[in-house]
Amino acid sequence: MTCIIALRDKETGLVHLAGDKMGSNGSTKAIFKDPKIFQIGHFYFGYTTSFYMGQLLKYTWTQPCKTMHQEDDEYIFREVVPSLRKLFVDNKFGKDQRGHEPDFGQFIMVYKGRIFSVQDNLSLLECDDFASVGCGEFHAAGAVDALVNHSSLSTPDILKEAIKITSKYSCGVSEECDIIKCG
């Protein structure tokens, strides 16, 4: 299910986040109203895997406090990641593999212009100017690369076109999408 893309605008440096609107169980599909991308405090999220995970992030997670002298990396790894883990565990979200660490699902997190691809175990992979997750991840990477390097489209138009292209090749992605500027 889904294609989420984060892309940094070459001129402004601002990150834009796009997410399609499809929900699918592998056999059926539907277009849903609620965006899979949103802002909470200083954070922007785009989720895949489960609408429940997205609803927990959007409606239950609270951005943790950051102390005045705390560096961003320390804050993210000491406060933010544990708060996300607690959110998912307390709400019984994630697949526990026989007593091992649960798999929580994938999403993109943007904080202060930094793009993070968040893996199933909540490890964070910081990306320079682009990230994509979901079943359309690899199609989107190819589409964005081609559009960034071979068109003069604006960043929102690149994202819209990349989602459209991805929807042609991935049955779990819809052409309909939402886009927000992370500023």
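**Exercise 1. A salt bridge between two strands**

Which side chain meets Arg-114 in a salt bridge? Find the partner, then say where each residue sits and how well each is covered.

*Solution.* Keep in mind that you are working with a predicted model.

Step 1: Look around the side chain of Arg-114. It meets the side chain of Glu-126 in a salt bridge, with 2.7 Å from N to O. A salt bridge requires such a nitrogen and a carboxyl oxygen to be within 4 Å, so the pair qualifies.

Step 2: Place the partners. Arg-114 belongs to strand S8 (residues 114–118) and Glu-126 to strand S9 (residues 124–127), so this bridge links distant parts of the chain, 12 residues apart.

Step 3: Check the cover. Arg-114 has a relative accessible area of 18%. Because buried means under 20%, Arg-114 is buried. Glu-126, at 46%, counts as partly exposed.

**Exercise 2. A link across the sequence**

Find the salt bridge partner of Asp-178 and work out which parts of the chain the pair ties together.

*Solution.* Step 1: The partner is Lys-21, and the closest N and O atoms are 2.8 Å apart.

Step 2: Asp-178 lies in strand S11 (residues 177–182), while Lys-21 lies in the loop between strand S2 (15–20) and strand S3 (22–24). The pair therefore ties together parts that are 157 residues apart in sequence.

Step 3: Lys-21 is buried, at a relative accessible area of 12%.

**Exercise 3. From a pair to a network**

Start from the bridge between Asp-72 and Lys-66, then name the network it belongs to.

*Solution.* Step 1: The side chains of Asp-72 and Lys-66 meet at 2.8 Å, N to O. Lys-66 is partly exposed, with a relative accessible area of 32%.

Step 2: Add Lys-112, and you have the network of salt bridges that links Lys-66, Asp-72 and Lys-112.

Step 3: For the full picture, the count for the model comes to 9 salt bridges.

**Exercise 4. A charged patch and a covered histidine**

Is His-16 buried or exposed? Compare your result with Glu-176.

*Solution.* Step 1: His-16 is found in strand S2. His-16 is buried, with a relative accessible area of 7%.

Step 2: List some of its contacts, leaving aside neighbours within four places in sequence: among them are Ile-5, Leu-7, Pro-156, Leu-159 and Ile-180.

Step 3: Now turn to Glu-176, in the loop between helix H4 (155–169) and S11. Glu-176 is partly exposed, at 40%. Together with Asp-157, Glu-161 and Glu-175, Glu-176 forms a negative surface patch.

Conventions
Residues are numbered from 1 along each chain as its sequence is written. This is a predicted model: local features need pLDDT of at least 70, side-chain atom pairs count only at pLDDT 80 or more; totals for chains, interfaces and linings use all residues. Side-chain values use heavy atoms; hydrogens and water are left out. Helices (H or I, at least four residues) and strands (E, at least two) are DSSP runs, numbered from the N terminus. Buried means under 20% relative accessible area, exposed over 50%, partly exposed in between (1.4 Å probe, protein chains only). Patches are made of residues with over 30% relative accessible area and no salt bridge: like charges are joined within 9 Å, nonpolar side chains (Val, Leu, Ile, Met, Phe, Trp, Tyr) within 5 Å. Accessible areas come from the Shrake-Rupley method with a 1.4 Å probe; for residues, only the protein chains shown count as cover. Lys and Arg count as positive and Asp and Glu as negative; His and the chain ends are not counted. The place of a charge is taken as NZ of Lys, CZ of Arg, CG of Asp or CD of Glu. Contact means heavy atoms within 4.5 Å.
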